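Grab a coffee and open the viewer. Try each exercise on your own before you read the worked solution under it.

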Amino acid sequence: MNRKTLVLPALAGLLAPALAACGSSDGAGSGGSPIVVGVASQIEATKDAPAPLDPAQAYDVDAWNVLRSTLQTLMRQPRTGTAPVPEAAESCGFRDTQNEQYRCTLRTGLKFSNGHALTSRDVKFSIDRLRTINYTNGPVSLLNDIDRVETPSDREVVFHLTKPDATFPQKLATPAAAIVDSQVYPNDSLYKGWDVVGSGPYTVKTERSGDHLTKATFTKNPDYKGGLTVKSDKVEMRFFDDSTAMEAALQKGDVDLVNRGLSPDQVKGLQNSRDKHIMLQEMPGQEIRYIAFNTKDPSVSNKAVRQAVAQVVNRSQLVRDVYAYTGDPLYSLVPTGLTGHINSFFTKYGNPDVAAARQTLSQANITTPVKFTLTYTKNHYGSSTAKEFQALQQQLNSTKLFDVSIQGIDKWQQFRTDESNGKYAAYGMGWFADIPDADNYIAPFVGKGNFLNLPYHNDKIESDLIPATRQQTDRNAAAAGFKEAQDILADDIPILPLWQGKQYVAARDNVTGVEWALNSSSALQIWELGRGVSS
């Protein structure tokens with residue numbers, strides 16, 4: 001899918017001249033004040049997750065935004081589109097017709113920020129290390145299909161896969177496959193703390209308060225050799241406790257650009273703002289929100305309970321009343337805009353129907369009201385999450401078929417650890433795609449080692465459909481398999497999709513490159529940002 005930047009009608013008149021005036025300032029930011037990016041979220045270290053910037057542990061959008069700017073991968077996502085392009089590699093490609101052997105040749109002269117040479121040995125070390133550590137809530141599942149890694153020379157790397165996987169080049173473009181220094185990072189344990197030793201376009205220094213990051217300062221890496229053009233010598237990423245403080249910093253001019261964490265009311269306010277020095281852009285988004293079910297928990301283990309929930313949840317009401325249309329109702333795990341998407345949940349359950357839900361529970365001999373707890377994380381997905389779960393609670397309990405309580409968890413890492421250990425019956429989560437492919441909205445959630453550690457398994461999806469779709473280099477040819485998988489998930493409901501988010505970037509009018517700020521996976525590309533002339 002090619003990313004098309006959509007300008008909100010309310011600000012079209014402001015954006016056009018700003019972008020036109022700043023479009024030629026590729027060198028902006030060099031030697032001047034840093035571009036400051038605001039984030040209303042936290043990156044934190046805990047006892048169970050002590051290494052938030054180690055690619056063997058990191059598996060959330062904020063940490064990955066830091067790693068994409070400091071660590072190289074063999075491949076990377078392009079400015080637009082979905083086909084990965086070489087980064088630390090000079091060239092990469094499959095060397096067999098079965099998509100089971102993938103060979104890369106590194107660029108010459110690569111080295112880490114500490115001066116150490118980067119060779120194929122470091123690539124092999126990084127992949128082997130990720131799989132050896134096998135961190136429970138980390139991204140290791142993305143590379144589970146690697147059988148072994150060979151290094152015929154200092155510049156050659158060969159990946160032998162256990163089975164065909166046409167999505168493998170995309171996975172090599174994620175921070176899961178980030179290349180770390182084999183002389184610095186331990187081979188069998190996490191690199192604790194906040195340091196990053198990489199070969200990416202920037203180096204980084206961090207500031208903390210207690211156990212969480214408050215600021216990351218990125219400085220252009222003079223030794224970087226890759227495919228990116230770095231537009232600014234220095235970028236600061238500041239982390240705010242809430243979106244109110246973040247927006248205030250933007251309005252004051254202390255922050256130049258914000259992307260993560262704006263509330264629906266703030267988006268509406270920026271849409272209607274008369275401040276000509278702040279521009280807002282709406283972009284297509286592939287973020288989804290959903291409820292995950294622990295299918296071994298007695299309160300929701302019966303499929304009929306989960307189906308009845310699906311029959312009464314009102315997605316349109318959530319999008320309208322909680323999110324002010326900054327998202328769209330979602331009726332499949334695969335979001336709209338990706339090849340293979342179908343509205344499987346709407347086809348099966350239609351509009352909210354209390355009578356149908358009552359019949360579903362009655363036929364399964366389930367006593368009502370069904371009691372369970374919905375859990376959510378208070379801070380990670382923004383201030384509207386609490387309102388969303390209050391609305392869900394009201395929707396379910398008003399039917400008299402359910403007696404649902406809700407609980408919010410303060411710490412994101414604690415929430416992730418507890419859900420992975422099966423402590424919650426049902427809980428809310430979000431998902432930003434690792435790769436812009438339907439595979440990445442299905443495969444990570446089923447089978448052994450899945451992202452959520454869900455107990456749900458389905459042999460048809462795991463042993464047949466996913467392997468078959470991964471043999472298809474032409475992703476359009478894989479659509480039929482994805483559609484069948486979505487229908488199965490709509491029947492079993494280990495996960496209930498709720499809505500698909502739009503992406504918003506608000507920036508001061510002297511910031512250039514805003515139209516390239518996000519790639520096709522909604523990842524932040526800070527190297528695209530520069531400083532122009534304020535209108």
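Below are five exercises, each with its solution in steps.

Before you start, note that this is a predicted model, in which local features need pLDDT of at least 70, side-chain atom pairs count only at pLDDT 80 or more, and totals for chains, interfaces and linings use all residues. Residues are numbered from 1 along each chain as its sequence is written, and side-chain values use heavy atoms, with hydrogens and water left out.

**Exercise 1. Get a feel for the whole chain.**

Task: Compare the radius of gyration of the chain with that of a compact globule.

Step 1. Start with the rule: the radius of gyration is taken over C-alpha atoms, and the globule rule is 2.2 Å times the number of residues to the power 0.38.

Step 2. For 535 residues that puts a compact globule near 24 Å; the chain has 23 Å, which agrees.

Step 3. Now check the box: along the principal axes, the C-alpha atoms fill roughly 70 × 60 × 45 Å.

Step 4. Look inside. Of the 535 residues, 60% are buried (buried means under 20% relative accessible area, exposed over 50%, partly exposed in between, with a 1.4 Å probe and protein chains only).

Step 5. Finish with the contacts (heavy atoms within 4.5 Å). Among those with a separation of 6 or more, 72% are between residues 24 or more positions apart.

**Exercise 2. Follow strand E6.**

Task: Work out which side chains of E6 are buried, and which strands E6 pairs with.

Step 1. Sort out the labels: helices (H or I, at least four residues) and strands (E, at least two) are DSSP runs, numbered from the N terminus. The chain has 14 helices and 22 strands.

Step 2. Walk along E6 and watch the side chains alternate. Tyr102, Cys104 and Leu106 point to one face and are buried, whereas Gln101, Arg103 and Thr105 point to the other and are not.

Step 3. Look for partners (two strands pair if DSSP finds at least two bridges between them). E5 (residues 89-94) pairs with E6 in the antiparallel sense over five bridges, with serine 91 opposite threonine 105.

Step 4. Check the turn: E5 and E6 make a hairpin with six residues between them, and asparagine 99 in that turn has a positive phi of about 60°.

Step 5. Turn to E8, which also pairs with E6 in the antiparallel sense, over five bridges. Here tyrosine 102 stands opposite phenylalanine 159.

**Exercise 3. Hunt for salt bridges.**

Task: Which parts of the chain does the salt bridge between arginine 103 and glutamate 156 tie together?

Step 1. Set the cut-off: a salt bridge is a side-chain nitrogen of Lys or Arg within 4 Å of a carboxyl oxygen of Asp or Glu. The structure holds 32 of these.

Step 2. Find the pair: arginine 103 and glutamate 156 meet at 3.6 Å, N to O. Arginine 103 is in strand E6 (residues 101-106) and glutamate 156 in strand E8 (residues 156-161), so the bridge ties together parts that are 53 residues apart in sequence.

Step 3. Check exposure. Arginine 103 is partly exposed at 24%, and glutamate 156 is partly exposed at 25%.

Step 4. Try a pair inside a helix. Lysine 460 and aspartate 464 come to 2.5 Å in their salt bridge; both lie in helix H13 (residues 459-469), four residues apart, about one turn of the helix.

Step 5. Close with a network: salt bridges that share partners join Asp145, Asp165, Lys171, Asp439 and Arg470. Within it, aspartate 165 and lysine 171 meet at 2.8 Å, N to O, and both are buried.

**Exercise 4. Look at strand E18.**

Task: Is E18 enclosed or exposed?

Step 1. Count: six of the six residues of E18 (residues 426-431) are buried, so the strand is largely enclosed by the rest of the structure.

Step 2. Check both faces. Ala426, Gly428 and Gly430 point one way, Tyr427, Met429 and Trp431 the other, and all are buried.

Step 3. Add the neighbours. E14 (residues 288-293) runs antiparallel to E18 and is joined to it by six bridges, while E16 (residues 370-377) runs parallel and is joined by two.

Step 4. Zoom in on alanine 426: phenylalanine 293 stands opposite it, and leucine 374 is its bridge partner too.

**Exercise 5. Map the nonpolar cores.**

Task: Which residues touch the most other members of the largest nonpolar core?

Step 1. Define it: a nonpolar core is a set of buried Ala, Val, Leu, Ile, Met, Phe, Trp, Tyr and Cys residues joined through side-chain atoms within 4.5 Å.

Step 2. Of the 114 residues in the largest core, the answer is Leu74, Phe159, Tyr290, Leu452 and Ile461. Helix H3 (residues 120-133) gives the largest share, five residues.

Step 3. Move on to a second, separate core of 38 residues, which includes Ala357, Leu374, Phe389 and Ala490.
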